[in-house]
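Thanks for sending this one over. Here are my notes, written as numbered points so that you can follow along with the model open beside you.

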Amino acid sequence: MARLARFCPVDIPQHIIQRGNNRQVCFNSREDLAAYAYWLKEFSFKYQVEIHAWVCMTNHVHLLVTPRVQSAVSKLMQSLGRQYVQYFNKTYQRSGTLWEGRYKSCIVQTSEYLLQCYRYIELNPVRAGIVANPSEFAWSSYRANALGKSSLLITPHNEYLQLGKTPEERQLQYRELFRFHLEPNEVDNIRKSVNQGLALGGDRFKQEVEINLKRRITPLRVGRKSGSKMGSE
């Protein structure tokens, strides 16, 4: 399937994943993770991208973000990628690429699907068998969103803020969301959406985006020509 062109509408959340080239290790130490988190914060402020949820695994990264200006996500990921590769190559006396080409992303519908994406990202270490509970994993946003740990990196989305009137209420309700894991079909839907650059949301949301922004965010139907008005690669 041909990849869709990069799509970055302002004020619509996006789920981003960036993998190491050939799934190679990108983080060898706590210092590596701290360096990446530092530059993620720096460039997210610079390019006006709000970070709602994140996780750094050994060979890939997930982010849930909202860009507030045009082309903000692309600028963030390009600057972050270059800075971290320079650091990584210098630290480990290596050269060449680190990341798997361009990052993958999809837009996310706010209602219902946004908090589902929060959970998908922060449960990544649990699905990988690294920890039994997301609170045990330091390199994610779970402790900030669920336990109230101070974080300059995180900007709560309005959907998260609606969980309660006080921080304590929101954190309690957020933890309740993690009592059960995502259903397999929900996990598959999120993975398919981000890997194919589609949209994570309901049919009406997808239709409205395609009509208003004139951009295809759903798979082509069988037999549909690639030169359709919605555009394709």
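1. Let's begin with E50, which is partly exposed because its relative accessible area is 22%. For that scale, buried means under 20% relative accessible area, exposed means over 50%, and partly exposed is what falls in between, using a 1.4 Å probe and protein chains only. E50 sits in strand β2, residues 49–56. Helices (H or I, at least four residues) and strands (E, at least two) are DSSP runs numbered from the N terminus.

2. Before going further, a word on what you are looking at: this is a predicted model, in which local features need pLDDT of at least 70, side-chain atom pairs count only at pLDDT 80 or more, and totals for chains, interfaces and linings use all residues. Residues are numbered from 1 along each chain as its sequence is written, and side-chain values use heavy atoms, with hydrogens and water left out.

3. What does E50 touch, leaving aside its neighbours within four places in sequence? E50 is in contact with L64, V65, T66, R68 and T155, where contact means heavy atoms within 4.5 Å. With R68 there is also a polar contact of 3.0 Å between the two side chains. A polar contact is a pair of N or O atoms within 3.5 Å; within protein, one must be able to donate a hydrogen and the other to accept it, and residues adjacent in sequence count only if both atoms are side-chain atoms. Also look at L153: E50 and L153 are 103 residues apart in sequence, yet 8.4 Å apart in space, C-alpha to C-alpha.

4. L153 turns up again with S44, a residue of helix α1 (residues 30–46). Leaving aside neighbours within four places in sequence, S44 is in contact with V49, I51, L76 and L153. Is S44 buried or exposed? S44 counts as buried, because its relative accessibility is 1%. Its side chain reaches the backbone oxygen of K41 at 2.9 Å.

5. Now step back to the whole chain. The protein chain has nine helices and five strands, and from the N terminus on they run β-α-β-β-α-β-α-α-α-α-α-α-β-α. Of its 233 residues, 50% count as buried. Among contacts between residues at least 6 apart in sequence, 72% join residues at least 24 apart.

6. In soluble globular proteins, nonpolar side chains tend to be buried together. Here the largest nonpolar core has 62 residues, and F27, Y36 and Y84 have the most contacts inside it. Helix α2 (residues 72–91) gives the most to this core, with nine residues. Apart from it lies another core, of five residues, including I107, A199, F205 and V209. A nonpolar core is a set of buried Ala, Val, Leu, Ile, Met, Phe, Trp, Tyr and Cys residues joined through side-chain atoms within 4.5 Å. To explore the largest one, try F27: beyond its neighbours within four places in sequence, its contacts include Y36, Y84, F88 and W99.

7. Helix α7 (residues 167–177) is a nice one to rotate on screen, with R170, Q171 and Y174 buried. Why are they on the same side of α7? They cover an arc of only 95° around the axis, which puts them there; the arc is that of the directions from the helix axis to the C-beta atoms. Their cover includes α3 (113–122), α5 (142–147) and α6 (158–161).

8. N145 belongs to helix α5, and it counts as buried because its relative accessibility is 2%. Leaving aside neighbours within four places in sequence, the contacts of N145 include Q171 and Y174, along with H52, A53 and Y118.

9. Two backbone angles deserve a look. Most residues other than glycine have a negative phi, and most peptide bonds are trans. Phi of D11 is near 70°, a positive value, and phi of R23 is near 60°, also positive. D11 is in the segment before β1 (14–19), while R23 is in the loop between β1 and α1. D11 is partly exposed, with a relative accessible area of 45%, and R23 is exposed, with 52%.

10. Finally, confidence. The chain averages a pLDDT of 89, and 88% of the residues score at least 70; pLDDT is the predictor's confidence in each residue, from 0 to 100. Over residues 222–233 the pLDDT is below 50, and this stretch has 17 contacts in the model beyond near neighbours in sequence.
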